[in-house]
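The following exercises concern strand pairing and the surroundings of a loop residue. Please work through each task with the structure in view before reading its solution.

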Amino acid sequence: MKKLSVIAVAALVTMSAVSNTYALAGVGFHWGFDYSMGMEDVPREAIKLGDAGFTVGGFTLSSDSLFYVSRMDWKSSPINFGGKLYVDIIPFIETIEFSCNFGLWQYNGSLHVLDPEATAGTITTENPTPTYKYGEPIPLTLKNTGLGYIGLTGTPYAKLQLDATIRKTILNLWLIKFSAGAGVSAHFATPLLSSKIVESALNIDINESTIADLADPSSAVAKDAAKKIVQEIIDEALGKPAMGAHILLGVKAKLPVVPIGIYVDGKYMLPLSKFDKDAGDGINGFGLLVNAGISLSL
């Protein structure tokens, strides 16, 4: 009888371990490390505000020579977090998972404005074609404009990523489970600083006085313009999504019966459309996203 009791207890423990190591569904909360997002430096991108020309020293300039923007020094921030919801009982497929990540980055954006007086000084009788001279750049950053955005100081970039993934176990070591999968992604992001952003933010009358004021970064006109441009970037957050795909390799560890586990998911991101059509190919979305988190079985 004693022997049968021992066997029965052992059987129950074994069945419990096998049946409860992984639950039928669950949620997870993770911190992300996104190595897929990057921006190429753009020292100069011309801006055309209206169709009217502008006269300097008797020489008419096109409006796209009055302003340009630059985007430099892309930096990641430590902020990248998210969660997931998964179901482990799908026939043939095994697991369907829905996850999200919210991440922040920053860079140094600036507006450059033609200096009419300095440009006029380059025009001579022998050389009537001016050499364009620009004032000190106007920093289009959160720090310079006094706007707050979750601890950033530069020109902000934010992305909310939504993923739908199917995955299947490729190796089960009881307490540790390896899986692989693939899925689709939708990326909702703020726009990059571009000519369209400046055109949308600055509804100004182009005249010699306005241009002269903007060429001085310390002027009230320049400060107000910088704040409007940065606010436009923030206001345009999470617009039309860029679509993409991803492939996944993941590992999860969980003790029997205990509903809490840990996981690491690595996704290689494959964009299928541009993140920002107005900034050309300014954002590179190819690369690795790694999420490390805690799961709770339901």
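**Exercise 1.** Determine which residue takes a positive phi in the hairpin of E11 and E12, and describe how the strands pair.

*Solution.*
1. In this hairpin, with 5 residues between the strands, Val257 has a positive phi near 70 degrees.
2. Strands E11 (residues 242-254) and E12 (residues 260-271) run antiparallel and are joined by 11 bridges. Strands are DSSP runs of E, at least two residues long, numbered from the N terminus, and two of them pair if DSSP finds at least two bridges between them.
3. Opposite Lys254 stands Gly261 in E12.
4. E12 also pairs with strand E14 (residues 287-297), in the antiparallel sense, over 10 bridges. Here Tyr268 has Leu288 in E14 as its bridge partner.

The model is predicted: local features need pLDDT of at least 70, side-chain atom pairs count only at pLDDT 80 or more, and totals for chains, interfaces and linings use all residues. Residues are numbered from 1 along each chain as its sequence is written, and side-chain values use heavy atoms, leaving out hydrogens and water.

**Exercise 2.** Locate Ser36 and establish whether Ser36 is buried or exposed.

*Solution.*
1. Ser36 belongs to the loop between strand E1 (25-34) and strand E2 (38-39).
2. Its relative accessible area is 1%, so Ser36 is buried (under 20% relative accessible area, 1.4 Å probe, protein chains only).
3. Beyond its neighbours within four places in sequence, Ser36 has contacts (heavy atoms within 4.5 Å) with residues including Lys159, Met269, Phe286 and Leu288.

Conventions: Helix = DSSP H or I, 4+ residues; strand = E, 2+ residues; numbered from the N terminus. Buried < 20%, exposed > 50% of the residue type's maximum accessible area, 1.4 Å probe, protein only.
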